[in-house]
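Let's go through this one in a few questions and answers. Keep the viewer open while you read.

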Amino acid sequence: TLAPGCCVLGSVVAAGSVFLAQDSRALGPIVAEQVVEIGPGCVVGTPEHPTTITAPHIRVAPGALVHGSVWAREGGEVLA
């Protein structure tokens, strides 16, 4: 779990799940074996350096921004 406002300059990789709390940033790829949840106001990648999020299940909150690819291998949803 990344705390609110946290910034990771590289990759985020987990054998379980990854949760980005509100206003967190991850500039590298996010890979999880279970779930990736991206909170409101989060930013992944940059326009100059797009990246990838991949997991079996991905949930994204409104207001999140991803520069690059989102690959939910089994299912994805936009949270309300």
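Q: Is Thr51 buried or exposed in this predicted model?
A: We're working from a predicted model here. The cut-off for buried is under 20% relative accessible area. Thr51 sits in strand E8, residues 51-60. With a relative accessible area of 10%, Thr51 is therefore buried.

Q: Which residue has its backbone oxygen 3.5 Å from a polar atom of the side chain of Thr51?
A: Beyond four places in sequence, Thr51 touches eight residues by name: Leu27, Gly28, Pro29, Val44, Gly45, His67, Gly68 and Ser69. One of these also brings its backbone oxygen to 3.5 Å from a polar atom of the Thr51 side chain, and that residue is Gly28.

Q: Which backbone oxygen does the side chain of Thr54 reach?
A: Thr54 is another residue of strand E8, and it is buried, with a relative accessible area of 10%. Setting aside neighbours within four places, its contacts are Ile30, Val31, Ala32, Val36, Trp71 and Arg73. At 3.5 Å, the side chain of Thr54 reaches the backbone oxygen of Trp71.

Q: In E8, what is the bridge partner of Val36?
A: E6 and E8 run parallel and are joined by 4 bridges. Val36 has contacts beyond four places in sequence that include Ile53, Thr54, Ala55, His57, Ile58 and Arg59. Contact alone doesn't single out a partner, but the bridge assignment does: it pairs Val36 with Ile58.

Q: In E6, what is the bridge partner of Leu20?
A: Strand E3 (residues 18-20) pairs with strand E6 (residues 35-38) in the parallel sense, over 3 bridges. For Leu20, the bridge partner in E6 is Ile38.

Q: With which residue does Arg59 form a salt bridge?
A: A search of the whole structure turns up 1 salt bridge. It links distant parts of the chain, with Arg59 in strand E8 and its partner in strand E6, 22 residues apart. The closest N and O atoms are 3.0 Å apart, and the partner of Arg59 is Glu37.

Q: Where do Arg59 and Glu37 fall between buried and exposed?
A: Buried needs under 20% relative accessible area and exposed needs over 50%. Arg59 comes out at 24%. Glu37 is at 24% too, so Glu37 counts as partly exposed, and Arg59 is likewise partly exposed.

Q: Which element gives the largest share of the largest nonpolar core?
A: In soluble globular proteins, nonpolar side chains tend to be buried together. The largest nonpolar core here has 16 residues, and Val18, Leu20, Ile30, Val36, Ile38 and Ile53 touch the most other members. Two or more residues come from each of strand E2 (12-14), E3, strand E5 (30-32), E6 and E8. The largest share is 4 residues, and it comes from E8.

Q: How many Å apart are Ala14 and Ala32, C-alpha to C-alpha?
A: Ala14 is found in strand E2. Leaving out neighbours within four places, its contacts are Val31, Ala32 and Glu33. Ala14 and Ala32 are 18 residues apart in sequence, yet their C-alpha distance is 4.8 Å.

Q: Which are the edge strands of the open sheet with the order E1-E4-E7-E9?
A: This open sheet has 4 strands with parallel pairing. E1 and strand E4 (residues 25-26), for instance, pair over 2 bridges, and in E4 the partner of Cys7 is Arg25. An edge strand pairs on one side only, and those strands are E1 (7-8) and E9 (65-66).

Q: What is the radius of gyration of the chain?
A: The chain has 0 helices and 10 strands. The globule rule gives 12 Å for 80 residues, and the value for this chain is close to that, so the chain is as compact as a globular protein of that length. Along the principal axes, the C-alpha atoms fill a box of roughly 30 × 25 × 20 Å. The radius of gyration itself is 11 Å.

Q: What percentage of the contacts with a separation of 6 or more comes from residues 24 or more positions apart?
A: Buried residues make up 35% of the 80 residues in the chain. Among contacts with a separation of 6 or more, the share from residues 24 or more positions apart is 6%.

Technical notes
Residues are numbered from 1 along each chain as its sequence is written. This is a predicted model: local features need pLDDT of at least 70, side-chain atom pairs count only at pLDDT 80 or more; totals for chains, interfaces and linings use all residues. Side-chain values use heavy atoms; hydrogens and water are left out. Buried means under 20% relative accessible area, exposed over 50%, partly exposed in between (1.4 Å probe, protein chains only). A polar contact is a pair of N or O atoms within 3.5 Å; within protein, one must be able to donate a hydrogen and the other to accept it, and residues adjacent in sequence count only if both atoms are side-chain atoms. Contact means heavy atoms within 4.5 Å. Two strands pair if DSSP finds at least two bridges between them. A salt bridge is a side-chain nitrogen of Lys or Arg within 4 Å of a carboxyl oxygen of Asp or Glu. A nonpolar core is a set of buried Ala, Val, Leu, Ile, Met, Phe, Trp, Tyr and Cys residues joined through side-chain atoms within 4.5 Å. The radius of gyration is taken over C-alpha atoms; the globule rule is 2.2 Å times the number of residues to the power 0.38.
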